[in-house]
Amino acid sequence: MDAALGAPAKMADREGDLTPMMAQYFELCREYDDSLVLFQVGDFYEAFCEAAERVARLCEITLTKREDSTGEYAMAGIPIDNAESYIERLLEAGYRVAVADQVQDPDEVTGVVDRAVTRVVTPGTLTEDELLRSPDNNYVACLTATESDGGDSDGSTDRTDRTGPASAPGADENGPYGLALLDVSTGDCYATSAGRLDSIADELGRFAPAEAIVGPDAPVDVFDGDCMVSPYERTAFQTESARERVEAYFGDLGLADEAEVRACGALLAYAEYTRGGNPDAGDIGDDSTAAVAGPDGASAEGEPTAALDYINHLTRYDPREYMLLDRVALESLELFDRRAVHGHQGLTLVDALDETACALGRRKLNDWLRRPLLDEDRIAARHDAVAELTGDVTLRERLHELLDDVYDVERLVSRVARGRANARDLRSLHDTLAVVPDVEEALADAESKTLVELRENLDSLADVRDLIDRAVREDPAAELTEGGVVKPAFDDELGALRETEREGKAWIDDLEASERERTGIDSLKVGHNSVHGYYIEVTDPNLDSVPDDYTRRQTLKNAERFVTPELKEREDEIIRAEGRADDLEYELFCEVRRDVAEESERVQALAERLARLDVFVSFASVAAKFDYSRPEVGADGFDVEAGRHPVVERTEERFVPNDAHFDEQDFFAVITGPNMSGKSTYMRQVALIAVLAQAGSFVPAASARLPVVDRVFTRVGASDDIAGGRSTFMVEMTELADILQNATEDSLVLLDEVGRGTSTADGLAIARAVTEHVHEAVGATTLFATHHHELTAIADELPGVFNLHFETEREGDDVAFEHEVAPGAAAASYGIEVAKMAGVPADVVQRSRELLDESDAGAARGPAAETNGHDASESVRVSNTTDGAQNGDVLAGDDADSAADARLAEELEALDVATMTPLEAMNALAELKASLDE
């Protein structure tokens, strides 16, 4: 993205000579220099000069030209009615888009129409349904670093003591860090702080913001590459102004952490700016406390803009209140995203659990999976609710049916507060509120404490529902300014106007019959069009019968159109009544919309409770449909009977359940077996069962007794970061370092093929050292899958370490994976057999077997061939002389062929066939064959 787009250079060269309209465009471009300005001209949004060239190229539209008295300008326009689809392309290209609308009626203005930026569209502050294609949250984040990045208005900083994560030992030099996150489309707002940057990275991985703003000293490399990150003006982070803004929105929350206050304050200022606020606030200027103008007008200084009144609740949380699932764990466990395989996108965990009926529930489900609980009582309360709904199919299905009629009222009420909701939105809110009494009735006999509390705290907002029902038509028009929105009975004046309009139109409806009778012209017609209004049409053969009071209005090819004084009077009366009624309807609707907006906090509270109920119903539906059981959380170890992977079992015709038993005596499992036998699936299913249980769901197992896991660490799968200059092995070691430094005895650690990216000797050494460190210094429950069979011997040396393997049945040259875990170590890796299953050519597979047999034979000969105290497998230095046998540089047994065989055997032994890809195996065999040819 361009750091600053600025005003068009071609205009800057002749600024004093611009026409009023182009000068207006130039000024807006200068004010919103971080955005691409779309400027309303009639029914189009236009861009000019350099910006027009960008828009034309990115939106694939025609680049045209504008000529006026000052010269010629490139111009590109997009239709307002379809603007969002083009804006989406500009966002994808990395631009912010400032939308400048006409804020005056052109019919009432002499000269140029005033325009103002009413919204700045950015990836993290989307509110438009056309751009928010997913019901999932869309967050914008704000990160502060040291107190010096904002400071107080006098430049001083406050070094008061802190509690919570900001005071954690080992804080980074620039800590503490403050992090705030906001979903502008729903009003969800969170704040936290931490003393370490890696803790902030973990939270960013958890929430995955689409956009972020940062203070001048805050790091930017902590954000994911898909997140748009922009620096923000220092003064937006000043403690006093930030605190005033936070308190204006949320009241006095007693936030002691200055980093959180500054992050929240700056983020709210940015949200105001994107809603059409003062461009001189925050990133663009230097006054973060300036009054901000919204669609409903300017707000008072220090007060939240009216367009953001629905942002009224801040959730301050400590990351240590939830199980931590960092970005690596989320990706490895495929909770929300799964990498495409051969172009096909598979199921994720949230897909497997999503039986929610409404968008509210889907977002809440995501939130619970991102932040599983650590408190045993809260977990048990969720399980109680799921248990009751699982056992009562009638109640569960009734609630799902009712919740299916619930609209996304969180996003809806945000549109109401921003003045962008139409009449159909209010009717949708009304229909949702009408469901609430039925939900209360359905829960009348609920017994679990959680469901009882949900029922007791449901607010049907009967007053709001009644207001909408009295005011807004059942099937209102889409446009607010053209009538057909407000019921005539809602307002006496409106009722009188509509009655006048109705009576006038009824008189006109009767006019045709009465005029035919009066004139004797049977073909006479009364009609209306938008240009000439009402008329009486007479065909040419009947013109002699036209009365004297008819006045010609329009001549057609075969007819004439007339108007009478009485018809003109009625027409004027209808037009006046209709026009005034349409205007009054709009005024009345805006009043109703403002009244509803004042109750946004109640609507949001109701949405929260309906969302929770929807997730409970979803959990129960999945449990009943797929035979999940209630877990017991708070045990001393893992005791899972017949556990299953919740996603894989949906995609396989036959899934083999497996037990998992870990406790203080056996907490570190070394898992061996061939590729494709089920090691990774087994490890992931143990982790997913823990995640599901602590999120409040039942689990795919016959039974499960589980500890409270504080964090899931994963080192699973191979990936690189070429753009970041990191190889696969470096990525692996970085993730491994994070595990070794941060895991606790309450963590769950999954390790898969640690050390695979280096030589066999180095990899084995690293794997052994990691095992010893986790065992002795950490004590975490660990599942370690490996092809280093030598590592299995450590089970005899370290208490708590034990071996597991996956059963494999061999039939001739083929193997069959039974996918059953069993005690002990695997007999072999069966790498060549897996290569055959993968489709490696038969001659390569056969040659691999020959080389492996030779290697095994050489290894068997080695220990028995010692002579004169030397191992026959050892090679003495090869002489560079032509006779090859001078100065003692001879080969053992003085046999050159034996030396070549020993060298090839050594090279073959160094290959880790079981972990090689087919292509790597073919390349290695080609090198061995070349050595033989030599």
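**Group meeting talk: a sheet, two helices and some salt bridges**

Start with one pair of residues: V640 has A704 in β23 as its bridge partner. Keep in mind that this is a predicted model.

Now the strands around that pair. Strand β20 covers residues 638-643, and strand β23 covers residues 703-706. They pair in the antiparallel sense, over three bridges. A word of background: strands of a sheet pair through backbone hydrogen bonds, either parallel or antiparallel.

Step back to the whole sheet. It is open and has four strands, in the order β19-β23-β20-β21. The pairing is mixed. Which strands stand at the edges? They are β19, residues 632-633, and β21, residues 658-662. Each has a single partner strand, so one side of each is left without a neighbour in the sheet.

A helix packs on this sheet. That is α21, residues 679-695. Helix α21 touches β19, β20, β21 and β23. Its direction makes about 75° with that of β21.

Next, helix α14. This helix runs from residue 423 to 442, which is 20 residues. From first C-alpha to last, α14 reaches 30 Å. The expected figure, at 1.5 Å a residue, is 28 Å, and the helix is close to that.

What caps the N-terminal end of α14? The cap is N422. One of its side-chain oxygens lies 3.0 Å from the backbone nitrogen of R424.

Many names come up when we ask what is buried in α14. The buried residues include L426, L429, L433, V435, V436 and V439. Charged residues are on the list too, among them D425 and R427. And what do the buried residues of α14 pack against? Five helices: α12 (393-403), α13 (409-417), α16 (462-471), α18 (565-597) and α19.

Let's follow α19. This helix spans residues 600-626, and Q604 sits in it. Is Q604 buried or exposed? Buried: its relative accessible area is 12%, and the cut-off for buried is under 20%. Leaving aside neighbours within four places in sequence, Q604 is in contact with T186, G187, Y310, N312 and V413.

Last topic: charges. In general, side chains of opposite charge can pair when their charged atoms come close. How many salt bridges are there in this model? The count comes to 57.

Take D408 and R363. Their side chains meet in a salt bridge, 2.6 Å from N to O. The pair links distant parts of the chain, 45 residues apart. D408 is in the loop between α12 and α13, while R363 is in helix α10, residues 359-370. Both ends are buried. D408 has a relative accessible area of 19%, and R363 has 3%.

Now look at helix α17, residues 492-519. E499 and R502 form a salt bridge there, again at 2.6 Å, N to O. They lie three residues apart, about one turn of the helix. E499 counts as partly exposed, at 32% relative accessibility.

The second pair in α17 is K505 and E501, at 2.9 Å, N to O. They are four residues apart, so about one helical turn separates them. Their surroundings read differently: K505 is partly exposed at 29%, whereas E501 is buried at 8%.

This pair is not alone. K505 and E501 belong to a network of salt bridges, linked with R498, E578, D582 and E585.

Note on methods:
Residues numbered from 1 in each chain as written. Predicted model: local features only at pLDDT ≥ 70, side-chain atom pairs only at ≥ 80, totals over all residues. Heavy atoms only, no water. Pairing = 2+ DSSP bridges. Contact = heavy atoms within 4.5 Å. Axes fitted to C-alpha atoms, helices over the stretch in contact; angles between N-to-C directions. Buried < 20%, exposed > 50% of the residue type's maximum accessible area, 1.4 Å probe, protein only. Expected span 1.5 Å × (residues − 1). Polar contact = N/O pair within 3.5 Å; in protein donor to acceptor, adjacent residues only side chain to side chain. Salt bridge = Lys/Arg side-chain N within 4 Å of Asp/Glu carboxyl O.
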